[in-house]
Amino acid sequence: MFVKGLKCRECGKVYPRDLVYVCGDCFGPLEIDYDYDAIRRVLTRRAVASRPPTMWRYAELLPLDGPPAVGVRVGCTPLLPAPRLARAWGCREIWIKNDAVQYPTLSFKDRVVAVAISKALEFGMETVGCASTGNLANSVAALAAQAGLEAYVLIPADLEQGKVINSLVYGAHVVGVEGQYDDVNRLCAEIADRFGWGIVNVNLRPFYAEGSKSMGYEIFEDLGWRTPRNVVCPMAGGSLICKLRKAEQECRALGLLESDAPPVKYFGAQAAGCNPIVEMVKQRRDFVRPQRARTIAKSLAIGNPADGYYAYKTMTESGGGADDVTDEEVVAAMRELAESEGIFTETAGGVTVGVARKLVAAGRIPRDESLALCITGNGLKTQEALSGVLRVERVIRPNLGEFERLVGERPADRRLQIAAR
Ligand SMILES: Cc1ncc(COP(=O)(O)O)c(C=O)c1O
Ligand SMILES: [Zn+2]
């Protein structure tokens, strides 16, 4: 048992291990308070290496009282070298943390939900829910089904079909709400109060958010307990980017990282049509100005991000930064990642790759420094983004002559490209 209790991120007031999420004194958000001295004695590199390849190999740094009840196989997604992308951008070293193949619902949200629903069971809850831009809904629906819990997932009514079906199939109550994510979130806060359910990103938030740290631990461990000098991470509510830095700080404090591992610079990525956190960084303003979202990157479309202030601090304190990309650049980047590295990511991944490309081109991320890209979701869920852009070249009759004509008619440059491969 390594959780001492909860602690206010603003005033430091401590609370017992319970279902609390805001500070009664200052309304600051609460965070898990760990006994790091006790953790240091057991969580050695050797202990980690001896455990199964899941996020639970770092269990001491996750806020459960016992073993996880659901999401037992979540985590340890591949960290892949991306040599073709690196060559195209002129970079020495690019890594891709590929949560597009996360188990079971193909996004990094399985990490946070595995913690949240296991915690809901520890609290004896029977109904769980969430306010979601899509991926969280998929994960809550699937893991609630594994747990045998009733689930209410609330989403903006205009989400992609793939995200909606991927929640419905698990038997969850999927509630489309007229409005934007921020309207859905406000409603969920009221629902948590009224019904006492476990809303994973409202009243379970301090526990839930900790799951994101596992993405960081895995990157560092896979690099031989070293760090990438730069990390580019997509932002919606702004939680993931904060938790990656927290993971780095914990690994350093626990002596897991090599002592000469350089500090990581964290860069946040958003779509230009919903960039409230990027604007904070660009304008050096430490408070959020809420926006109305208009972008195809719907999973990142949070106009009033809960962790905007902390994400801002993560980027500025670490020497990183932030940038945004247009919807056209998102689509181009989705294609670039697929064509260069064989990875089909959703629009959020397009935002990450597009922003990284821009930061490298501008010299903000030096080409001779290592770079890791957090690919957090799967392209099969947001096919609308590409369905108007990509087409089968031509349908032919099943005879060789037609095929030869098709090959012969292809533009010369395209043929050259194929020959060069
Ligand atoms: C695919 C994907 N990537 C990144 C994020 C951003 O996460 P956070 O809200 O922690 O900033 C989300 C959030 O919904 C997401 O769905
Ligand atoms: Zn407080």
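**Strand β10, ligand 1 and two domains**

Let me begin with one pair of residues: Asn230, in strand β10, has Lys265 in β11 as its bridge partner. I should say at once that what we are looking at is a predicted model, and everything that follows should be heard with that in mind.

That pair belongs to a wider arrangement, since β10, which covers residues 230-234, and β11, which covers residues 265-271, run parallel to each other and are joined by five bridges. If you follow the chain from β10 to β11, you pass through helix α10, residues 239-253, and the β-α-β crossover that results is right-handed.

β10 also has a partner in strand β13, residues 371-375, and here again the pairing is parallel, with three bridges between the two strands. As an example to find on the screen, Val232 of β10 has Leu373 of β13 as its bridge partner.

Are the residues of β10 buried or exposed? Five of its five residues are buried, so that the strand is mostly covered, by the usual criterion of 20 or more other C-beta atoms within 10 Å. This holds for both faces of the strand, with Asn230, Val232 and Pro234 buried on one side, and Val231 and Cys233 buried on the other.

Let me turn now to ligand 1, which has 18 residues around it, the closest being Gly237, Ser239, Ser299, Thr376 and Gly377. Helix α10, which we have just met in the crossover, contributes at least two residues to this shell, and so does α5, residues 135-147. By class, the shell consists of nine polar, seven nonpolar and two charged residues.

Which domains supply the shell around ligand 1? At least three of its residues come from domain 1, and at least three from domain 2. In the domain assignment, each of these is made of two segments of the chain: domain 1 is 35-66 together with 109-204, and domain 2 is 79-106 together with 210-387.

The centres of the two domains, taken over C-alpha atoms, are separated by 21 Å, and where the domains meet, 30 residues of domain 1 are in contact with 34 residues of domain 2. On the domain 1 side, the helices that supply at least two residues each are α1, α2, α4, α5, α6 and α7, and among these α4 gives the most, with five residues. That side of domain 1 has 15 nonpolar residues, alongside eight polar and seven charged ones.

I would like to finish with some details of the backbone. The peptide bond between Tyr103 and Pro104 is cis, its omega being near 5 degrees, and Pro104 itself sits in the loop that lies between β5, residues 94-98, and α4.

There are also residues other than glycine with a positive phi, including Phe27, at about 65 degrees, in the loop between β2 and β3. Why does Phe27 count as exposed? It counts as exposed because it has 10 C-beta neighbours inside 10 Å, and the limit for that class is 12 or fewer.

Cys76, for its part, has a positive phi near 55 degrees, and is found in the loop between α2 and β4. Cys76 has 19 C-beta neighbours inside 10 Å and therefore counts as partly exposed, given that a residue is called buried from 20 upwards.

Conventions
Residues numbered from 1 in each chain as written. Chains lettered and ligands numbered in written order. Predicted model: local features only at pLDDT ≥ 70, side-chain atom pairs only at ≥ 80, totals over all residues. Helix = DSSP H or I, 4+ residues; strand = E, 2+ residues; numbered from the N terminus. Pairing = 2+ DSSP bridges. Right-handed = clockwise from strand over helix to strand, strands pointing away. Near = placed C-beta within 6 Å. Nonpolar A, V, L, I, M, F, W, Y, C, P; charged D, E, K, R; others polar. Domains from an automatic or database assignment. Contact = placed C-beta atoms within 7 Å.
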